[in-house]
Amino acid sequence: MGAFVLEEGKKIVTVCGLRKIAEIVAVTNKDFSPRDRIRALRCGAEAMMYLANDAKFTQLHAFIQDENWEKLLTKIGFNPTKGKSLVLEI
């Protein structure tokens with residue numbers, strides 16, 4: 001999408017780039033059984049993988065706040081990221 005290079009003299013100090021990422025956002029109704037919610041999440045994840053792939057993304061991100069969701073997403077193929085995710089409101 002874009003890049004920025006800061007030089008001092010003839011040396012590069014830093015390079016920053018901006019890229020698009022695909023993020024899956026899921027909300028579940030806890031009135032349903034865990035089995036039904038897991039099945040629905042798997043179906044939803046497959047649909048989002050299809051859409052992300054169709055849009056030429058090579059990764060699908062999920063930012064989770066619940067340890068149970070983390071375990072479940074790991075079971076369906078999500079992997080921990082390198083580093084820690086941060087956000088900046090602009």
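**Notes on the pockets, salt bridges and surface of this model**

1. Helix 1, strand 4 and helix 2 (67-75) each supply at least two residues of the lining of the largest pocket. A word before going on: this is a predicted model, so please read each point below with that in mind. For orientation, helix 1 covers 34-54 and strand 4 covers 60-61.

2. Let's stay with that largest pocket. Its volume is about 1100 Å³. The lining counts 30 residues, and those nearest the centre are Leu60, His61, Ala62, Phe63 and Thr81. How does the lining divide by class? There are 16 nonpolar, 10 polar and four charged residues, which may be handy if you plan to look at the pocket by residue type.

3. The second largest pocket comes to about 280 Å³ in volume. It has 14 lining residues, with Ile24, Ala26, Phe63, Ile64 and Trp69 lying nearest its centre. Sorted by class, this lining holds 10 nonpolar, two polar and two charged residues. One name to pick out is Phe63: it is among the residues nearest the centre of the largest pocket, and it is also among those nearest the centre of the second largest pocket.

4. Trp69 deserves a closer look. This residue sits in helix 2 and is one of those nearest the centre of the second largest pocket. Is Trp69 buried, partly exposed or exposed? With a relative accessibility of 24%, Trp69 counts as partly exposed, because that class lies between under 20% for buried and over 50% for exposed. Trp69 can also be paired with Ile38: the two are 31 residues apart in sequence, while their C-alpha atoms are 9.6 Å apart in space.

5. Now for the charged pairs. How many salt bridges does the model have? The count is two. One of them joins Arg39 to Asp36, with 3.2 Å between the closest N and O atoms. Both partners belong to helix 1 and are three residues apart, about one turn of the helix. Asp36 is partly exposed, at 29% relative accessible area.

6. Another salt bridge links the side chains of Lys71 and Glu67, at 3.6 Å from N to O. Here both residues lie in helix 2, four residues apart, which is again about one turn of the helix. Which of these two partners is exposed and which is partly exposed? Glu67 is exposed, since its relative accessible area is 54%, whereas Lys71, at 47%, is partly exposed.

7. On the surface, Phe4, Leu6 and Val13 make a nonpolar patch of about 280 Å². Val13 is located in strand 2 (residues 11-18). Its relative accessibility is 51%, so Val13 counts as exposed; the cut-off for that class is over 50%.

8. Finally, a backbone point. Most residues other than glycine have a negative phi. Lys56, which is not a glycine, has a positive phi, near 70°. Where does Lys56 lie? Its place is in the loop between helix 1 and strand 4. Lys56 is exposed as well, with a relative accessible area of 70%. If you are checking backbone angles, Lys56 is the residue to find for this positive value.

Terms used
Residues are numbered from 1 along each chain as its sequence is written. This is a predicted model: local features need pLDDT of at least 70, side-chain atom pairs count only at pLDDT 80 or more; totals for chains, interfaces and linings use all residues. Side-chain values use heavy atoms; hydrogens and water are left out. Buried means under 20% relative accessible area, exposed over 50%, partly exposed in between (1.4 Å probe, protein chains only). Patches are made of residues with over 30% relative accessible area and no salt bridge: like charges are joined within 9 Å, nonpolar side chains (Val, Leu, Ile, Met, Phe, Trp, Tyr) within 5 Å. Accessible areas come from the Shrake-Rupley method with a 1.4 Å probe; for residues, only the protein chains shown count as cover. A salt bridge is a side-chain nitrogen of Lys or Arg within 4 Å of a carboxyl oxygen of Asp or Glu. On a 1 Å grid over the protein atoms alone, a cavity is a set of points where a 1.4 Å probe fits but cannot get out, and a pocket is an open set with protein on both sides within 12 Å along at least five of seven lines; lining residues have an atom within 4 Å of a point. Grid points are joined across faces, edges and corners, and a volume is the space filled by probe spheres set on the points. Ala, Val, Leu, Ile, Met, Phe, Trp, Tyr, Cys and Pro count as nonpolar, Asp, Glu, Lys and Arg as charged, and the others, Gly among them, as polar.
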